[in-house]
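Visitor: Got a minute to walk through a model with me? I'd like to start with the chain contact.

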Amino acid sequence: MLTRSELARYDRQIMVRGFGVEGQEKLKQARIFIAGAGGLGSAAATYLTAAGVGMIRVVDHDMVELSNLNRQVLHWDEDIGKKKVDSATEKLKRLNQEVEVEAIAEMVTEANISQLVAGFDLIVDAVDNLPTRYLLNKVALEKNIPLFHGAVYGFEGRAMTIIPGETACLRCVYRGVVPGEKFPVIGVTPAVIGCIQATEVIKYIAGIGQLLTNRLLVYDGLNMKFTEFRLKKDQNCEHCGHLARGKK
Amino acid sequence: MAEIPMERTIKVHFFTGKSKEVSVEEAKKILEEIYNDPLGGLVADGKTNEVIWQIGPDVEEIIVLEMMLGGG
């Protein structure tokens, strides 16, 4: 049940038709796993914290560097050299004390991923490399946890939502094996995509609207256009094909 | 006089860049390269915006999206 303070804090979103007190109460119960405290993670975590989700676990093994500060808005000059998760957690707690925020300074690996996401309602993919995205995709499918994908490069960004067993998964879309590397990015691009991921999360938790499933949303900031690409679940997908076949 | 059948061509649009018109064979090669290259991306039907894995008989144009790497 929402406290008087929470009713006041979230008044404007409670006013939104279809969301209401019920939507806010659902947000308060939600436990969200965010992989990555960089550009996407900063935007998604900030708005999910402000929106009043129940609990956020942020996982990232990196330290804050000067070159992060053009886009990773949870980290400031004074944080250079600190663990990103500590810097992020500190800001998020200051933003909204009602939200429980937990920091884990670990690299997401095949060995720890299952334990890291255990007990969480959904996963936000805010990482910077495909191998880790594939790990998130696999564990999301195995544990039946929705995955909210985002990626950026330069002025361009992408987002899609994956509901295990029902929609195309990340592996249905991406076949590459590109390792993580330094990439160019305009600071606002991850903010746009991270906010789209946060919007999808809020809609999913509240059970409203149409999710970005079986659709890859591509944002081209340079020409300021959004394009949607239609996706089909790949029946032979090496990550989710067995789920589709099992449903027949 | 019998008409000489026109060779079917495919318009190729690169998402944030240039466009070109190529033969079906060339389009198939582009698609194959995209999906076989570890740095490859996606190919969509330019009319339906549906992601495709082969050049079907109805495909008139394709959009090539490069691989997306970053998150931070």
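Guide: Here is a short chat about how the chains meet and how two helices pack. Bear in mind that this is a predicted model.

Visitor: How many residues does each chain put into the contact?

Guide: Chain A gives 37 residues and chain B gives 20 residues.

Visitor: And how much area do chain A and chain B bury between them?

Guide: About 2,400 Å². Carbon and sulfur atoms carry 63% of it.

Visitor: How many salt bridges are there between chain A and chain B?

Guide: The count is 2 salt bridges. One pairs the side chains of E50(B) and R230(A), at 3.1 Å from N to O.

Visitor: Which elements of chain A supply at least two residues each to the side that touches chain B?

Guide: The helices are α4 (39-51), α7 (130-143) and α8 (170-173). The strands are β5 (147-153), β6 (156-162), β7 (215-220) and β8 (225-230). The largest share, 5 residues, comes from β8(A).

Visitor: What about that side of chain A by class?

Guide: It has 18 nonpolar, 7 polar and 12 charged residues.

Visitor: New topic: α3(A) and α9(A). At what angle do their axes cross?

Guide: Roughly 110°, and the axes come within 8 Å. The range for roughly perpendicular is 65 to 115 degrees, so α3(A) and α9(A) count as roughly perpendicular to each other.

Visitor: Which residues meet there?

Guide: From α3(A), G23(A), K26(A) and L27(A). They meet I202(A), I205(A) and A206(A) of α9(A). By class, that contact has 4 nonpolar, 1 polar and 1 charged residues.

Technical notes:
Residues numbered from 1 in each chain as written. Chains lettered and ligands numbered in written order. Predicted model: local features only at pLDDT ≥ 70, side-chain atom pairs only at ≥ 80, totals over all residues. Heavy atoms only, no water. Contact = heavy atoms within 4.5 Å. Buried area = accessible area lost by both parts, 1.4 Å probe. Salt bridge = Lys/Arg side-chain N within 4 Å of Asp/Glu carboxyl O. Helix = DSSP H or I, 4+ residues; strand = E, 2+ residues; numbered from the N terminus. Nonpolar A, V, L, I, M, F, W, Y, C, P; charged D, E, K, R; others polar. Axes fitted to C-alpha atoms, helices over the stretch in contact; angles between N-to-C directions. Parallel < 35°, antiparallel > 145°, perpendicular 65-115°, else oblique.
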